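Ready for a few warm-up exercises? Have a go at each task before you read its solution.

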Amino acid sequence: MTRTLSLTQARRIAIAAQGLDRPRPPVVVMRHVSGTVERLGLLQIDSVNVLARAHLLPLFARLGPYDTALVDRAAGRAPRRIVEAWAHEASFVPVTTFPLVAWTRRRWAGMDPVALEERHPGLLRAVRDIVAERGPLTSRAVEAYVEDHHAQRSDGWGWRWSAAKVALETLFDAGELTAARRNAQFERVYDLTERVLPPHVRSLSPPAPEDATRELIRIAARAHGIGTVRCFADYFRLGSRATQQAVTELVDSGELVPVTVTGWDRPTWLHVGARVPRRTAARALLAPFDPLVFERRRLLELFGMHYRIGIYTPADRRTHGYYGLPFLLGDQLVGWVDLKHDRRAGRLLVRSAVAEQPAGRSTWPGRAVVVGELAAELTTMATWLGADAVVVADDAGGDLARPLRAELD
């Protein structure tokens, strides 16, 4: 008989699987950082720095204030613990996951090595040789070494990348190059993949695609706790057919169990190791790229929040500000805040603050509780960012803006 779970139970399972319900350590060390990345499976990378880099925020949500240099060390020094790869999008993944995603490709228009060779004969080999001889190097450094006729602009593709940059990204996409680190300007510093991966990973035989898919879905299912084929497939951007096959195999091996979630109309599976907490004491601000909010239909069905990232949306169509962060309290998303780290003024600026109370949800904790907990979490974040204060903008919108300002004052 298939087990039936309530929506509240499903939310708590998802939160626990993401490690958001655990007490934050008093002092964060490398094992906390690497362990959190292992639990999540990936940290999405994005260059937007209006608050903090995207990959840093999920760690703060789970660990609290920590030294971000730990992430730089994990990604850029031996023994290397995480490495950049194409996963959900550009992401940091544990080094052991790199071989599993190496066969996946973006296949963007304009990144055809045959066409690039026709337009710029010898360029791919020249770029690879430059990195092999002089790397690690940024794209600007590589361009400086490439002959002028290779460095011309490339047919207006992408972000007006040079031909050398397209060659670098083509080699990155093929797995021949990867990022040895990101520099202070958040540029990739490219090197040969064989020099970046530690020996115990470099010596592994490439897995067959079906084996890699099954392992990636195993990681995704563990990170979800509970989910559908669409949930699991989205985590590493895998096809639904291959994901369904992997799910079937994991069910056969006893790692996934079919369940029913009240109100869901799709087949759903529970990871055999997932916890089903009786209560959840989570409190976290979730970045737009946090793994808990990756899949928007899942977010809507679990938490009742229709969420859209503002940075990719015209100003007049934004529903959650420019950089809105959902606020998790207990087992609910109780609101969201649009934040900016105003580095020049030394403040964490709240540009809007809105309560979120899904229809029919009788357990909403109440405005006073939400405001008090939100103020506390914002104050903790400000300390971590090095801001002197949390300030609600004079023109801040949303029904929580005024009470939040009063609470902070």
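**Exercise 1: a ring and its partner**

Is W384 buried or exposed? Keep in mind that you're looking at a predicted model.

*Solution.* Start with the cut-off: buried means under 20% relative accessible area. W384 has a relative accessible area of 13%, so it is buried. Now turn to F60, which counts as buried with a relative accessibility of 0%. Next, look at how the two rings sit. F60 and W384 make a stacked aromatic pair, with 4.7 Å from centre to centre and 15° between the planes. Then find them along the chain: F60 belongs to helix 3 (residues 57-63) and W384 to helix 16 (residues 367-385), so this pair ties together parts that are 324 residues apart in sequence. Finally, add Y66, which forms one aromatic cluster with F60 and W384.

**Exercise 2: another aromatic pair**

Work out which kind of pair the rings of F172 and Y190 form.

*Solution.* First, recall what you need: a pair of aromatic rings is described by the distance of the centres and the angle of the planes. For F172 and Y190, the centres are 6.4 Å apart and the planes stand at 90°. Planes over 60 degrees apart count as edge-to-face, so that's what the pair of F172 and Y190 is. Now place the partners: F172 is in helix 9 (residues 163-173) and Y190 in strand 6, 18 residues apart. Last step, check burial. F172 is buried at 5% relative accessible area, and Y190 also counts as buried, at 0%. In total, the structure holds five aromatic pairs.

**Exercise 3: a strand on the inside**

Why is strand 3 (residues 82-86) described as largely enclosed by the rest of the structure?

*Solution.* Go through the strand residue by residue. Five of its five residues are buried, so strand 3 is largely enclosed. Next, sort the side chains by direction. In a regular strand, the side chains alternate between the two faces of the sheet. Here I82, E84 and W86 point one way, while V83 and A85 point the other way. Then look for the neighbour: strand 3 pairs with strand 4 (residues 90-94) in the antiparallel sense, over five bridges. One position to try is A85, whose bridge partner in strand 4 is S91. The two strands form a hairpin, with three residues between them.

**Exercise 4: helix 1 and its neighbours**

Describe how helix 1 (residues 7-17) packs against helix 15 (residues 296-303).

*Solution.* Begin with the geometry: the helices pack at an angle of about 130°, and their axes are 9 Å apart. That angle makes helix 1 oblique to helix 15. Next, list who meets whom. From helix 1 come L7, A10, R11, A14 and I15, and they meet R298, E301, L302 and F303 of helix 15. Sort these contact residues and you get six nonpolar, no polar and three charged.

Now for the sheet. It's an open one of four strands, in the order 1-8-9-7 and with mixed pairing. Strand 1 (3-5) and strand 7 (226-227) are at the edges with a single partner strand each, so one side of each has no neighbour in the sheet. Strand 1 pairs with strand 8 (residues 256-261) in the parallel sense, over three bridges. Within that pairing, L5 has V261 as its bridge partner. Helix 1 packs on this sheet too, touching strand 1, strand 7, strand 8 and strand 9 (268-271), and its direction makes about 85° with that of strand 1.

**Exercise 5: backbone oddities**

Where do P79, P136, F186 and R237 sit?

*Solution.* Here's the background: most residues other than glycine have a negative phi, and most peptide bonds are trans. Take the prolines to begin with. The bond from A78 to P79 is cis, with omega near -5°, and P79 is in the loop between helix 4 (69-76) and strand 3. The bond from G135 to P136 is cis as well, with omega near 5°, and P136 is in the loop between helix 7 (123-134) and helix 8 (139-145).

Then the phi angles. F186 has a positive phi of about 65°, in the loop between strand 5 (177-182) and strand 6 (188-192). R237 has phi near 55°, also a positive value, in the loop between helix 13 (229-235) and helix 14 (240-252). To finish, compare their surroundings: F186 counts as buried at 11% relative accessibility, whereas R237 is partly exposed, at 42%.

Conventions
Residues are numbered from 1 along each chain as its sequence is written. This is a predicted model: local features need pLDDT of at least 70, side-chain atom pairs count only at pLDDT 80 or more; totals for chains, interfaces and linings use all residues. Side-chain values use heavy atoms; hydrogens and water are left out. Buried means under 20% relative accessible area, exposed over 50%, partly exposed in between (1.4 Å probe, protein chains only). Two strands pair if DSSP finds at least two bridges between them. Axes are lines fitted to C-alpha atoms, for helices over the stretch in contact, and angles run from 0 to 180 degrees between N-to-C directions. Angles under 35 degrees count as roughly parallel, over 145 as roughly antiparallel, 65 to 115 as roughly perpendicular and the rest as oblique. Contact means heavy atoms within 4.5 Å. Ala, Val, Leu, Ile, Met, Phe, Trp, Tyr, Cys and Pro count as nonpolar, Asp, Glu, Lys and Arg as charged, and the others, Gly among them, as polar. Rings of Phe, Tyr and Trp (its six-membered ring) pair if their centres lie within 6.5 Å; planes under 30 degrees apart count as stacked, over 60 as edge-to-face and the rest as tilted.
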